[in-house]
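The following exercises concern the structure shown below. Please attempt each task before reading its solution.

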Amino acid sequence: MRATVLYGPRDVRFEERDAPAVINPTDAVLRLSVTCVCGSDLWRYRGIQPVDKPTPMGHEYCGLVEEVGSAVTSVKPGQFVIGSFFASDNTCAACRIGYQSSCQQRELVGGAQAPLLRVPLADGTLVATPGIPPDELIPSLLTLSDVMGTGWFAAEAASVKPGKTVVVVGDGAVGLLGVLAARQMGSERVIAMSRHKTRQNLAREFGATDIVSERGEEGVGRIRELTNGVGADSVLECVGTQEAMMQAIRSTRPGGHVGYVGVPHGVELNGQELFFAHVHLHGGPAPVRRFLPELIDLVWNRKIYPGKVFDLSLPLEQVAEGYRAMDERRAIKVLLRP
Ligand SMILES: [Zn+2]
């Protein structure tokens, strides 16, 4: 098969690789219906995170089970399934408390920008949909593999509740879906921080009530003006830079909550400032597996359409153009069709 491999900064190749096969009895091999490029892939694409050897790319996936190992009992060939970017057994102590992305056996799923994918710990990792989905639901189902689940976790970690005021820092796919999650969880006011017209429009479509285009100290000032000078109850940090993290902490009211899901790159917190900020901080890699049954249900019953974040769709063989479009912010998120 041909699949996506990153050789170094801005060097994405679509080349011949061995097709994945069942290695362990707990594995499954999927034939992917769709896959995509993630904002987090850009850290390596841009050379901010080093690439020391040619790396198969992609960690968001859904599709049909092609083959299962002898120990797999919960999914079978022909079913349509979705899984998280972290494989998990879903039975260990960490999984049982709902933190499958800290599973004691966790394994990163890689190489999903390809027609076929091996998923370890298939019983714990994969969730089947109620049937074969119609085409129009497939992009939304794909988002549940990472970005929708991550936006959902950001809102949950920020303790979003009915009637609360929420700020979302970051207008990438995760931030925009954080807006959707915050509204779905009943927040009254959702302030999206974005400077880009198309992203502002999608944020409004997902339920944002206010847009703040300023950032840094100016952005924090605007949030304070909109929240009686005190800051928001819940703030979702969906970027991972120092500026975004400080913007999130300083936009939060005393006693409020920050949910941070942007993978931190060079973020350092000052103990004194944190001490006097009086905020709760919770975040990390989202335990997407925990949310899959509930989110599949919401998509299946057409309550949410997170697939709207895909504003460019390309054949998989044009994956390099997909990376370019996201790098240059010409696209919010790129859908790839094998
Ligand atoms: Zn586990």
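Two residues are in contact if their C-beta atoms, placed from the backbone, lie within 7 Å. The structure is a predicted model, in which local features need pLDDT of at least 70 and side-chain atom pairs count only at pLDDT 80 or more, while totals for chains, interfaces and linings use all residues. Residues are numbered from 1 along each chain as its sequence is written.

**Exercise 1.** Describe the surroundings of Q105.

*Solution.* Step 1: Leaving aside neighbours within four places in sequence, Q105 is in contact with D89, C92 and L121. Step 2: Q105 is placed in the loop between α2 (93-96) and β8 (107-108); helices (H or I, at least four residues) and strands (E, at least two) are DSSP runs, numbered from the N terminus. Step 3: A residue is buried if 20 or more other C-beta atoms lie within 10 Å of its own, exposed if 12 or fewer, and partly exposed in between. Q105 has 16 other C-beta atoms within 10 Å and is therefore partly exposed.

**Exercise 2.** State how α5 and α11 are oriented to each other.

*Solution.* Step 1: Axes are lines fitted to C-alpha atoms, for helices over the stretch in contact, and angles run from 0 to 180 degrees between N-to-C directions. Step 2: Helix α5 (residues 147-157) packs against helix α11 (residues 288-300) at an angle of about 105 degrees, and their axes are 9 Å apart. Step 3: Angles under 35 degrees count as roughly parallel, over 145 as roughly antiparallel, 65 to 115 as roughly perpendicular and the rest as oblique. The helices α5 and α11 are therefore roughly perpendicular to each other. Step 4: On the α5 side, M148, G149, T150 and W152 meet V288, F291 and L295 of α11.

**Exercise 3.** Locate the largest nonpolar core relative to the domains.

*Solution.* Step 1: A nonpolar core is a set of buried Ala, Val, Leu, Ile, Met, Phe, Trp, Tyr and Cys residues joined through C-beta atoms within 7 Å. Step 2: The largest one has 108 residues, of which A28, L30, V168, V169 and V179 touch the most other members. Helix α6 (residues 173-184) supplies the largest share of this core, 8 residues. Step 3: The core lies between domain 1 (2-146 + 287-337) and domain 2 (150-283), because both give residues to it; the domain bounds come from an automatic or database domain assignment. Step 4: The C-alpha centres of domain 1 and domain 2 are 26 Å apart. Their contact takes 16 residues from domain 1 and 15 residues from domain 2.
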